[in-house]
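Student: Got a minute to go through this one with me? I'd like to talk about how the chains meet, then look at a helix.
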Amino acid sequence: MDIVLQQIVNAISLGGIYALLALGLAVVFSIVSLINFAHGELMTVAGYGMFFAAAVSLPFPFAVCAAVLFAVIAALLTERFAFRPMRKADATGLLLTSFAVSAILRVIFQNGISARPKPVPLPSGFAGVIDLGVLHVGIVPLLSIVMTALSLVALTLFLNRTTLGKAMRAAAEDFQVLRLMGIKANRVIAVAFAVSGALAGIAAVLWIAQRGSVDPLMGFVPVLKAFVAAVIGGLGSLTGAVAGGFALGILEVLFQAFLPDAALPFRDAFVLGFVILILIWRPDGLIPAPAARRS
Amino acid sequence: MLPWTGVPPRAWTSALLLIAGVGGLALAVSLAFGNTGVNIATLALLQVAAVLALAAFSGNSGIVSFGHSAFMGIGAYVFGVLAMPRDIQASALPNLPQWLQGHQLSLVAALLVVVAVGLVAGILSGFPLARLSTGSAAIGTLAFLIIIHVTLIGARDFTRGSQTFYGVPRLTTVYVAFVAAALFILIARILKETPLGLRLRAARENEVAAAASGVDVRLSRRKGWAVSIAMSVLVGALYGSFLGAFSPKDFYFDLIFTLVAMLIVGGMLTVSGAVAGTVLLAGVVQILRQAETGIDFGSFHIPGIFGLPQLGMGLALLLTIWRRPLGLLGLREIGPDWPRRKLEPMPAKALHTAPAGAPLEVANITMRFGGLVALDDISFSVPCRQVTGLIGPNGAGKTTLINIICGQTRPTLGRIVIGGADMTGEAPHRVAVAGLGRTFQNIRLFDRMTALENVTIAALSKSHDAATARRIALAELARLGLAGRAEDLAGSFAYGDRRRLEIARALALEPKFLLLDEPAAGMNPAETDALIRVLESIRSEHEIGLLVVEHDMRLIMRLSDRMVVLNKGQKIAEGTPQEIRGDPKVIEAYIGTKRSRH
C-alpha cells in the first residue's frame, strides 16, 4: 500500500513538471503553430537565473522569482528577435527556426557561462521527508505537486477571468477572427510567449530542486518529454497538454516500477513505444485541439 | 513496368550534372589537401548521401524527420557486428549471441543485409508515423530518435552501450563514398518524378486535395518513409565503416541537426538544393572547425569558441528561413530545361467510355454533432448525364453533406452509394477512385507543382501507367483550354485558370460524378459565363453526373436539371428549377416571411 501511494506521488510530481512544460509548448503552438524547440533553453536560462541569484546571495524565494523572470525575458527576446521576423514562414519553417535558436543558445551558454554544471544551492529543508501517516513524502515531490497545482489554477484563472486571457483562448480557436475584432496580434503573441516562459521557469525550478545544478544541456531531456506529452495530449490543446504530461509521468513511473531489472535501461524505449501505440489508437491525441475543418 | 519509365530526360541530365559536380569537387579537395583532403572529401560525400536519404522522405513529403540519424546508427551497428574480424569481435563483444558471431562479411554482403534490415525498420516504423498529421509526425520522428538511441545504449551485448564500439573495418574509401553519393543523387532525383514522388509531393502541397485526387496519402508516406529509411541505414553503415569506432551519441542530435541544416539551407524541395546545401555547409563546417580552437595571427590570438560549427549552422539555418525560405536553389533543379519528348494527348474518344450507370445516391443521411442535428434524414439522387443543383442558405448543412459524400466525415446514419457501390464512411481517396471527382470552394491545387503534374496525379489514381496518365492529363488540360501552360507552376495561375485547372484535375480521375463546390465563387459575370460554357460542354461530352453546390442563383438555375434545397439540416424542396423558383418554402428560407422575422 505504502509503495503504491509512494509511486502515485512520484508519478504526479514528475507528470506535473511535464504538464507545465507541455502546457508552455501548447500555449505558443495553439496561437502561432510553432513547435518551440528552444523551450528547453528557456529552462536552462531559468536555471542560470537561480545560479546568479545565489551567487549574489539572494535568499531562495528571490532565486525562484529570478528564475521565472529570466525565462520570461528570454521567451520574449526569442519571440521578438527570432520568431517575429519569421512570422510568414510555415509551421516547418518555424519549427526549424526554433531548432536553430536552440542550438545557438546552447553554444552561447557553453562559451559565455560554462560547459560544466553549475551548482544551485537549495534550502537545507529540501532534503527532508514529511510523514503523513503511512506515507513518507519527500519535500521536493510535495512542493512539485503544490507548485504545479498552483500554476495550473493561476493559468486557468488568467485564461478565464482576464481580457488578455480570453483573447488568448480566442486566438487559439481562430486567430484571424480575433485580429478582425481589433485585438493586437503582437500583444497576444508576446503574452503567449511570456506565459510559456513563466511555465518553463517554474518547471526549471522544480527540475533543479531534484538535481541541484544547471548546465547548458539541462533543458534538453525534459523538453523532449514535453514534446511527446504535447503530442499524446493533442498538439495545440491546452487541456490535452496537461493530460499528456500526467499520462507520460504516470507511464514512466509505472515502467520504472514494474519493468524487470534487465529491461530497465530500455525504460524510455518502452515508454515511447507505448506512446506510439496510444497515437496509433488516437492519431490526434487524447484531447484533440479544436480544428475548424471546412473544405 | 520499370519505376523510371516516364521520367523526363531533364531529371537524368540534372542528376548527371550533380554527380559530375560533386565528383569534381571531391577530386579537387583530395588533390589539393592530400590525405586530409581525401578524408574531408569522403566525409562530405557521405553527408551528401545521408542528406539525400533524408530528402527522399522530407523533401517530397514536407515532413521534416529528426529520426534519420538514429536509423543511420542502426546501419552502423549492424554493419559493425557483421563485418568485424572474428578475433576483435571475440574481445569487443564477448556476449554476442551465437548466431551473430564470426560472420566477418565482405563490404557488399554486409551492405545487402543492412539494406534488408533498413527496409524492415522503415516499413515497421512507417505504420504509426503515416497516421500522424504533419506537425505531430515531426515529433513522432523525434520519438524514434530517442527510442533508438536509448535502445542502442541499453543493448550492451550488441553495441557495448555508451562505450566506444571499435574494430569496424574501414572499408569506406573515397571511391565507395562517391559511388554511394552518385547512386543516391540518381535515386533521389528519379524518385521525385515517379508516381510515388508525385503523390508524396501532392500530399505535401495539399493533403485534402491529394486524397480527393485518389492519392492514398498514408500508403504513399509509408512507402516513401521505407525507401528513405533503407537509404539512411545503408549510408549509416558506410559512415560507421568510415569512422571505424563510434558510440550512440555519434548518431544522435548533433548529426541530425547537421543533416537538417544542410537540407534546409540548400532547399529541401529540390535534389539540387539538397546537394548544394550539403556541399556548402560541409565546407563551412570544415573552416569553422579549424577556427574552433582559436586562430593565431603571429602574436595576436583569437580565442576559440567551443561549438563554432553548431553556431555557424544555426545562423545559416536562421538566415535561410528568414531570407530564402525555400533554400538557396528554391524550386528549380539545375540543368538545361529540355522539353520532354512530345506526347500526343489521349484522343477524346478513348476517354470516359463507361456506359451510363447507376446514380449517386444520398440515402437517409443523418448527422448529429453532440445534441446538434446538422443533417436530418436527407435523401436524393444524382443521376448520370444530369446536373443536380444543391442550394441552401448559410448553415443549411451543405458543407457537412459534401464532407459526408466525399468520405471526410462519417455520417451518424444513412448511406452514400456511388454507381451501385456502397461508399459510406470510406476514405476520401477510395471515394475518389470509385468515381467521384470534386473541386473545392476555396481552390486547392498543388501550387508548387506544374499544371501537368497536378492533373497527372489524378490520372495515375486510375492505375494507368505513367505515360498514359500523362496523355490523359494533357487531353484534360486541352479540354479546359490550358494546354499551353502544362509546364507552368499551378501557383502562378490567375484565379479563373485555377478554377479550370481544378476541374481538369477532377476530370482526369475519369469520374462517374463530379461535385463542384461553389465553382463560381469570386468570379465576375464574364468568368461565370465562361464557366457555364465549360460545364455544359463537360456535360455533353462525358457520361457524367454533376452535383453543383452554389450560391449564384443565375448559374444554378440555368445549369441544373433538378435542384435540391436544404435549410437548417432538412431537405425542404426538390424539383426542376421552375418548381423551386415558385416554392413558398424556398422563398421563405431565403427571404424570410413576416412571421419568421422576430
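Tutor: Sure. One term up front: buried area is the accessible area, with a 1.4 Å probe, that two parts lose on being put together, summed over both. Also keep in mind that this is a predicted model.

Student: OK, so what's the area buried between chain B and chain A?
Tutor: About 3700 Å², and carbon and sulfur atoms give 78% of that.

Student: Which elements of chain B give two or more residues to the side that touches chain A?
Tutor: Those are α4 (107-131), α5 (134-154), α11 (253-266), α13 (308-323) and α14 (398-405) of chain B. The most comes from α5(B), with twelve residues.

Student: And how do the residues on that side of chain B divide?
Tutor: Into 28 nonpolar, 14 polar and four charged.

Student: How many salt bridges between chain B and chain A, then?
Tutor: Zero. For polar contact, the rule finds two residue pairs across the interface, both at pLDDT 80 or more.

Student: And in residue counts, how many are in contact?
Tutor: 46 residues of chain B touch 39 residues of chain A.

Student: Switching topic: how far does helix α5 of chain A reach?
Tutor: From first C-alpha to last, 32 Å, close to the 33 Å expected at 1.5 Å a residue. The helix covers residues 139-161, 23 residues in total.

Student: Which of its residues are buried in α5(A)?
Tutor: A:I139, A:V140, A:P141, A:S144, A:T148, A:S151, A:L155 and A:L159.

Student: What do those pack against?
Tutor: The buried residues of α5(A) pack against α1 (2-32), β2 (129-132), β3 (135-138), α6 (163-173), α8 (185-211) and α10 (238-258), in chain A.

Conventions:
Residues are numbered from 1 along each chain as its sequence is written. Chains are lettered from A and ligands numbered from 1 in the order in which they are written. This is a predicted model: local features need pLDDT of at least 70, side-chain atom pairs count only at pLDDT 80 or more; totals for chains, interfaces and linings use all residues. Side-chain values use heavy atoms; hydrogens and water are left out. Helices (H or I, at least four residues) and strands (E, at least two) are DSSP runs, numbered from the N terminus. The expected span of a helix is 1.5 Å times one less than its number of residues. Buried means under 20% relative accessible area, exposed over 50%, partly exposed in between (1.4 Å probe, protein chains only). Contact means heavy atoms within 4.5 Å. A salt bridge is a side-chain nitrogen of Lys or Arg within 4 Å of a carboxyl oxygen of Asp or Glu. A polar contact is a pair of N or O atoms within 3.5 Å; within protein, one must be able to donate a hydrogen and the other to accept it, and residues adjacent in sequence count only if both atoms are side-chain atoms. Ala, Val, Leu, Ile, Met, Phe, Trp, Tyr, Cys and Pro count as nonpolar, Asp, Glu, Lys and Arg as charged, and the others, Gly among them, as polar.
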